[in-house]
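Okay, everyone, thanks for squeezing me in. Let me put the thing up on the screen and then we can walk through it together.

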Amino acid sequence: ATSQIERDMWVAGLRKLQMSLRTSHNNLKKVAQALLTEDIKRTAAKFMSVCTVPTRMSKFTRSSSKHKKMVTVDPQSGVLSWGNGSLNLKHVITVESGKTTKV
């Protein structure tokens, strides 16, 4: 911005946009909370209590080769880690069970 007027316009616009985004985010959180049943809340609470504890699991390669991995999930970031690799769950389309699942 080359002038004080332009800078003021940018600051005011960014503040309004930030407030609008916060309001939208808060509204979405309220709607999501209303959709949660008690059963879903209990299941989520149980998972949150165990997901940060390393759990030994079998990870299978595309050729069905099995490797034992210690798996954890960071509930804040959504990152699933298994020692020498990780994946953010926001990039996952589906979660499937079983080594014969098609890739």
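Let's start with Lys-41 and Glu-38, whose side chains meet in a salt bridge, 3.7 Å from N to O. Keep in mind as we go that this is a predicted model. The general idea is that side chains of opposite charge can pair when their charged atoms come close. So how far apart are Lys-41 and Glu-38 along helix H2? They're 3 residues apart in H2, which covers residues 38–51, and that means about one helical turn separates them. As for Lys-41, its relative accessible area is 36%, so we call it partly exposed.

How many salt bridges does a search of the whole structure find? It turns up 2. Besides the one I just showed you, there's Asp-39 with Arg-42, where the side chains meet at 4.0 Å, again N to O. Asp-39 and Arg-42 both sit in helix H2 too, 3 residues apart, about one turn of the helix. Is Asp-39 buried, or partly exposed? Its relative accessibility is 48%, so Asp-39 counts as partly exposed. Arg-42 also comes out at 48%, and so it counts as partly exposed as well.

Okay, leave the helix and swing over to the sheet. In general, strands of a sheet pair through backbone hydrogen bonds, either parallel or antiparallel. Ours is an open sheet of 4 strands in the order E1-E2-E3-E4, and the pairing is antiparallel. Which strands are at the edges? Those are E1 and E4, each of which pairs on one side only. On average, neighbouring strands of this sheet are turned by 35 degrees against each other, if you ignore direction.

Now let's go along it pair by pair. Strand E1, residues 55–60, runs antiparallel to strand E2, residues 66–74, and 6 bridges join them. If you want landmarks, find Lys-59, which stands opposite His-67 in E2, and Ser-58, whose bridge partner in E2 is Lys-68. The hairpin of E1 and E2 has 5 residues between the strands, and in it Ser-64 takes a positive phi near 70 degrees.

Next door, E2 pairs with strand E3, residues 79–81, over 3 bridges, in the antiparallel sense. Here Thr-72 stands opposite Ser-81 in E3, and Asp-74 stands opposite Val-79. What about the hairpin of E2 and E3? That one has 4 residues between the strands, and Gly-78 takes a positive phi near 80 degrees there.

Hang on to Gly-78 and Val-79, please, as they come back in my last stop, Asn-88. You'll find Asn-88 in strand E4, residues 86–88. Leaving out residues up to four places away in sequence, Asn-88 touches Ser-77, Gly-78 and Val-79. Is Asn-88 buried or exposed? The cut-off for buried is under 20% relative accessible area, and Asn-88 has 18%, so it is buried. One more thing to zoom in on: a polar atom of the Asn-88 side chain lies 3.0 Å from the backbone nitrogen of Lys-90.

That's my tour, so let's spin it around and you can ask me whatever you like.

Notes
Residues are numbered from 1 along each chain as its sequence is written. Side-chain values use heavy atoms; hydrogens and water are left out. Helices (H or I, at least four residues) and strands (E, at least two) are DSSP runs, numbered from the N terminus. Buried means under 20% relative accessible area, exposed over 50%, partly exposed in between (1.4 Å probe, protein chains only). A polar contact is a pair of N or O atoms within 3.5 Å; within protein, one must be able to donate a hydrogen and the other to accept it, and residues adjacent in sequence count only if both atoms are side-chain atoms. Contact means heavy atoms within 4.5 Å. Two strands pair if DSSP finds at least two bridges between them. Axes are lines fitted to C-alpha atoms, for helices over the stretch in contact, and angles run from 0 to 180 degrees between N-to-C directions.
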